[in-house]
Amino acid sequence: MSEQSPNPGEPAGSGDGAAPSEDGMTLGGRRRRSITRNTAVMASGTAVSRALGLIRNALLVAAIGVNAAAANAYDIANRLPNAMFAILAAGVLNAVLVPQIVRAFSRPDGKRTVDRILTIGTVISLVVTVIATIMAQVWVNLYTHDWPPELLALATAFSYWCIPQLFFYCLYTLLGQVLNAREQFGPFMWAPVLNNVVSITGLLIYLGVFGQYITGADDLTVWTPGRIALLAGVATLGIAAQALILLVPLVRGGYHWRWQWRGPKGELSGIGTIAAWSLAAVVLEQVGVTFVTRVAAQAQVLPDGSIDPTIAGNAAYFQALSLYIVPHSLVTISLVTAMYTAMARHAAARDTAGLRSDLSQGLRSAGVFTVFATVAMIVVSQYLVRVALPTATLAEVQSVSAVMIAMTLGLVPLGATVLFKRLYFALEDARAIFVMQIPMSIAWVGTAYAVMAFADARWWTVGVGLGLAVSNYTGMLLRAGGLRRRLGGLDGRRVLTVHAKAVVGALAAGVIGWLALKAAPDVATLRGWSGFFIAGACTAGAGIVMLAVYGAVLKALRVRELDAVAGPLMRRLPGRR
């Protein structure tokens with residue numbers, strides 16, 4: 001999986017970092033808030049968005065299934081704009097936007113520079129989107145292998161509706177970066193809520209018109225142009241709403257975007273080199289994504305071209321990924337986004353001590369959360385999948401759960417690699433990211449194809465998830481080594497001590513949670529909506545028990561980072577101040 005995701009996955013935003021004082025002034029004269037408050041604002045928006053996203057995915061499964069032909073076709077089509085976004089927006093725009101915008105807002109005439117960045121970025125995004133949409137069939141063929149012609153045709157038809165999302169993803173990123181640089185963090189993380197509301201509404205209309213998917217009913221001739229347009233068109237409409245709504249807080253905050261194509265010579269100096277290396281790194285990453293997607297897409301295909309519904313394919317991989325990314329986006333991404341502007345300021349001032357302090361704080365705070373999330377998600381995996389996909393069959397629940405567990409093994413290093421990557425961008429060293437991406441991609445693709453070569457087809461997509469975890473560990477070690485040399489250390493002993501204590505607490509919590517679930521009904525007996533509510537109660541009950549045990553152990557071990565993560569989140573609950 002790409003580290004980037006515009007929904008919001010990993011928006012490489014800017015933000016406040018080293019916990020400045022709340023009465024200080026930030027860029028453009030706006031008041032600066034502490035990193036914990038900024039993180040809490042973003043985490044709350046992400047939490048609501050992810051909750052609605054789970055509802056959206058549940059409705060999508062009700063509409064087209066999981067291990068079904070149409071589900072796989074739709075997944076490929078919906079994957080394309082995300083992969084292209086990673087290359088165009090996350091690979092190029094994010095690598096250069098924040099440092100340039102931070103510098104611009106520190107100058108009296110900086111608004112014109114920001115206007116120019118928005119203008120050029122929007123035009124490039126529109127041109128690339130038009131070309132990519134025209135080439136839809138080429139992309140579908142690239143991501144699939146041995147699919148029958150009718151399934152390829154359906155995926156291509158979906159793609160013509162889905163690829164235009166690319167333009168709105170890029171616009172969302174461009175506008176969001178300006179908002180974050182002005183420390184208007186909330187809208188960027190809350191905008192995806194509107195996207196999910198639009199998508200949920202569209203899926204409810206679809207289910208009302210065409211009904212629920214029936215397992216085994218894979219007649220592709222039922223997919224008329226109108227049916228395709230309703231399913232995929234509403235998805236694109238949701239992304240458009242997510243992007244365009246950001247214009248409202250931008251204008252209300254006092255920023256009025258004016259078209260600005262030209263500027264002084266050298267105004268955007270350095271962008272070309274940084275963007276080129278960033279683009280190369282993300283292209284390399286997406287080459288790996290293409291290879292592993294072909295593995296997952298091929299796993300279900302039988303010699304006669306039919307689909308085995310008991311085996312996880314690329315659509316099941318997407319569902320597993322949607323669950324795996326929740327804890328990462330809930331806290332880690334909110335934290336990184338809130339720290340990035342401070343990192344850029346420290347880098348511009350050559351403040352190595354400040355960078356090292358920011359990095360240590362981020363690694364410790366994120367680790368306290370992701371270590372627990374890793375163990376908890378593994379313990380409740382099948383119950384969690386049943387809650388997320390209430391209409392899925394038992395075979396589909398088990399297949400998605402297996403893939404999610406494999407991915408989750410790499411959740412902790414994912415947070416670290418993203419934080420390391422942001423620091424490299426703050427240092428404007430995109431070349432190092434490219435070089436380190438080579439072994440990361442090799443690790444992912446190599447693991448996936450090794451499993452494909454030596455294991456039964458039902459394990460192929462699990463191998464893709466495991467390869468993602470291996471890639472995350474590879475990236476964490478390489479990027480940590482590079483930054484350790486550049487920063488004169490990473491406060492490693494302190495960071496590792498916190499992680500070790502978190503592992504002790506998480507394992508203790510996991511054992512208690514596992515024992516608690518031994519008394520719960522077996523997942524195989526949970527069917528229909530009654531099964532959904534029972535699975536939800538089991539997941540919530542085990543989660544609360546594990547969280548209580550984890551918190552008690554960390555308190556006993558005097559892990560102060562627990563308060564830093566939980567405090568601001570708790571204060572944003574209703575009735576808390």
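Here is a short tour of three residues to select in your viewer.

This is a predicted model, in which local features need pLDDT of at least 70, side-chain atom pairs count only at pLDDT 80 or more, and totals for chains, interfaces and linings use all residues. Residues are numbered from 1 along each chain as its sequence is written, and side-chain values use heavy atoms, with hydrogens and water left out.

**Stop one: glycine 463.** Select glycine 463, and you land in helix H17 (helices are DSSP runs of H or I with at least four residues, numbered from the N terminus). Is this glycine 463 buried or exposed? Glycine 463 is buried, at 2% relative accessibility (buried means under 20% relative accessible area, exposed over 50%, and partly exposed in between, using a 1.4 Å probe and protein chains only). Now show its neighbours: leaving aside residues up to four places away in sequence, glycine 463 touches Thr447, Ala448 and Val451 (contact means heavy atoms within 4.5 Å). Add valine 403 as well: its C-alpha is 7.9 Å from that of glycine 463, although the two are 60 residues apart in sequence.

**Stop two: aspartate 491.** Next, follow helix H17 (460-487) into the loop that leads to helix H18 (492-518), where you will find aspartate 491. Most residues other than glycine have a negative phi. Aspartate 491, however, has a positive phi of about 60 degrees. With 29% relative accessibility, aspartate 491 is partly exposed.

**Stop three: arginine 558.** Finally, select arginine 558, in the loop between helix H19 (528-556) and helix H20 (561-571). Arginine 558 is not a glycine, yet its phi is positive, at about 60 degrees. Its relative accessible area is 74%, so arginine 558 counts as exposed.

Terms used: Helices (H or I, at least four residues) and strands (E, at least two) are DSSP runs, numbered from the N terminus.
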